[in-house]
Amino acid sequence: MTNEFENFNDHDEEWLHELELRATDLENELFDWREAHARELADSGYGRDGTGHRASEGRPGMLRAQPGRTPPRPGRPDEALHHVIEDEEPDDDLTQALIDRGRRSAARARMRKSRKALLTVVGVVAVVVFASVFIFRSGPGWPPSVATVQSQIETACQNPNIASEPAQVNFACGKDTRQILWVFALMTSGDNPQYSDPKTGRQGLEPITPAQGGQVAWSLNMHHPYNPMNPVDSLQVAARAINNIIGGATLTGTDGKPVVQPGLESNPDNCVKYTGSSAIVSHAGFPSLCALPITSPTGQAALVADTYRQWVVGATAASAYDVSVLFSNANNPGNPQVQAILKTLPNVK
C-alpha cells in the first residue's frame, strides 16, 4: 500500500464508494465464472474425480443412477463469493492485487484531475499576466514636468484679472484652451521656472522679460511684487499677456486718454482663418473682435501659432507650427509628430 493511497483527502468518501462497487463487481464476475465452469464440467461428462459416467451394465436402455450436480443457487453477493472461494479456493494474493490495482487506479485518477486543475490555473495566471503587460504598460507621454506646470496653472488661473480688458477675452485660461500656457513653457524653458536666457534677458517659465512682466503685472493686482522666478507669477503674467495679444487692450496714453490696442482678432483676414468668417464686431472704446467664436481645432491651432510668433521675437514659422501641433494633441502625447518634436527640445525633463 503506497503512501499516495494512504494520504486521504476530500474525495475519500467517493473513493471508498468506488472501491465497494469494484468489490461487488468482482464477486459477480467470480460467481459467473463458477457457473460457467460447472456447466462446462457437466457438458463434458466428467465429475470431480476426473472419471467419465459409463452406461449401466443392466438392462439395455437403462441408465445407472448418478448424483445430479445442481448449480449454486444465486443469492447475496457475499454468499456467492463465499461459495466460490470455498469451492475454487482462489489465490488470496490475486484478490488483494486486484483490489490494490483498483486503489492505485483511483489514486492515479485523482492525480490526473489534480494535475489538470493545476495546469488550468497556471494557464489562466499566465494569460492574465501576459494581458496585463500589454494593457497596463506605459506608452509615450508628456515629460513629468508637464504635470507640475499644469497644477501651477490651476492656481494662476484663479486670478480674476487674467482676462483682457475691456473685451474680457480669456483664451489662456479657458477650460479647453489653457494648455497654451504649458505648451509655451515647454517650448521656451523646458518647464524650468529658474530658466534664464542671457541673450534675450528672459527669465522664468514663459517667454517674457522681467520688464515686460512688470508692465503686465500691475493689471493683475498681485498682492506681492512680481517675481519672474515664481512659476505662478510667471504664468499669471503670461496668461494676461496672451489674452491681450489675442483680444487687444485699451491702454492709457501719455496724454491720459484711452488708446485702443488691437489684437489678432481685430483683423478680418485673421477672423477668416480662425472662424471661417471675416465678420468683426466693433464697439467704441473696445478693440474689434471676430464676430464668431474660435471653437474649431483648426482655428484654435492657427490662433496659437500666430500668438507664439507675436510674443517670441524671431520665432520661425516651423517652431510656431510645432507649438500648434503640441497644443492640438494635448490629450494625445503618443502622436508621432508630438514625440518627434519633444526629441528636439533641449533640457526637457
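Q: Where do I start with this chain: what share of the 349 residues is buried?
A: This is a predicted model, and buried residues make up 36% of the 349 residues in the chain. To read that, keep the cut-off in mind: buried means under 20% relative accessible area, exposed means over 50%, and partly exposed is in between. As for the outside, the chain exposes about 21800 Å², with carbon and sulfur atoms supplying 55% of it.

Q: And the secondary structure: how many helices and strands does the chain have?
A: The count is 12 helices and 6 strands. For contacts along the chain, take the pairs between residues at least 6 apart in sequence: 57% of these join residues at least 24 apart.

Q: Now the inside. Which residues of the largest nonpolar core touch the most other members?
A: The general idea comes first: in soluble globular proteins, nonpolar side chains tend to be buried together. Here the largest nonpolar core has 57 residues, and Ile180, Leu181 and Trp182 touch the most other members. At least two core residues come from each of helix H5 (144–156), helix H6 (179–189), H7, H8, H10, helix H11 (317–328) and helix H12 (336–344).

Q: Let me zoom in on one of those. What does Ile180 touch beyond four places in sequence?
A: Setting aside residues up to four places away, the partners of Ile180 are Phe171, Ala172, Ile242, Val304 and Phe327.

Q: How about Ile246: buried or exposed?
A: Ile246 sits in helix H8. Its relative accessibility is 1%, so Ile246 counts as buried. Not counting residues up to four places away, Ile246 touches Val169, Phe171, Gly263, Leu264, Glu265, Leu303 and Thr307. You can also compare sequence and space: Ile246 and Leu289 are 43 residues apart in sequence, while their C-alpha atoms are 9.0 Å apart.

Q: Gln152 has a polar side chain class. Why does Gln152 count as buried or exposed?
A: Go by the number: Gln152 has a relative accessible area of 17%, so it is buried. Gln152 belongs to helix H5, and beyond its neighbours within four places it is in contact with Leu205, Pro231, Val232 and Leu235.

Q: Next, pockets. How much space lies in the largest pocket?
A: The idea is simple: rolling a probe the size of a water molecule over the atoms shows where empty space is left. In this model, about 1100 Å³ of space lies in the largest pocket. It is lined by 36 residues, of which Gln212, Val216, Ala241, Ile245 and Trp311 are the closest to its centre. Helix H7 (210–217), helix H8 (231–247), strand E3 (249–252) and helix H10 (297–311) are the elements that give two or more residues to the lining.

Q: What does the lining of the largest pocket have by class?
A: There are 16 nonpolar, 16 polar and 4 charged residues in the lining.

Q: On to the backbone. Which peptide bond is cis, with omega near 0 degrees?
A: Look at the step from Glu165 to Pro166: that peptide bond is cis. Pro166 lies in the loop between H5 and H6.

Q: What about phi: which value does Gln168 have?
A: Gln168 has phi near 60 degrees, a positive value in a residue other than glycine. Gln168 is also in the loop between H5 and H6, and its relative accessible area of 47% makes it partly exposed.
A second case is Asp191, with a positive phi of about 65 degrees although it is not a glycine. Asp191 is in the loop between H6 and strand E1 (196–197). With a relative accessible area of 7%, Asp191 is buried.

Q: Let's finish with Tyr195. Where is Tyr195 placed, and what does Tyr195 touch?
A: Tyr195 is in the loop between H6 and E1. Its relative accessibility is 22%, so it counts as partly exposed; remember that buried means under 20%. Leaving out residues up to four places away, Tyr195 touches Thr188, Ser189, Arg202, Gln203, Gly204 and Met229. From C-alpha to C-alpha, Tyr195 and Pro207 are 10.0 Å apart, with their positions 12 residues apart in sequence numbering.

Conventions
Residues numbered from 1 in each chain as written. Predicted model: local features only at pLDDT ≥ 70, side-chain atom pairs only at ≥ 80, totals over all residues. Heavy atoms only, no water. Helix = DSSP H or I, 4+ residues; strand = E, 2+ residues; numbered from the N terminus. Buried < 20%, exposed > 50% of the residue type's maximum accessible area, 1.4 Å probe, protein only. Contact = heavy atoms within 4.5 Å. Areas by Shrake-Rupley, 256 points an atom, 1.4 Å probe, with all protein chains shown as cover. 1 Å grid on protein atoms, 1.4 Å probe; cavity = no way out; pocket = protein on both sides within 12 Å on 5 of 7 lines; lining within 4 Å. Points joined across faces, edges and corners; volume = space filled by probe spheres on them. Core = buried A, V, L, I, M, F, W, Y, C linked by side-chain atoms within 4.5 Å.
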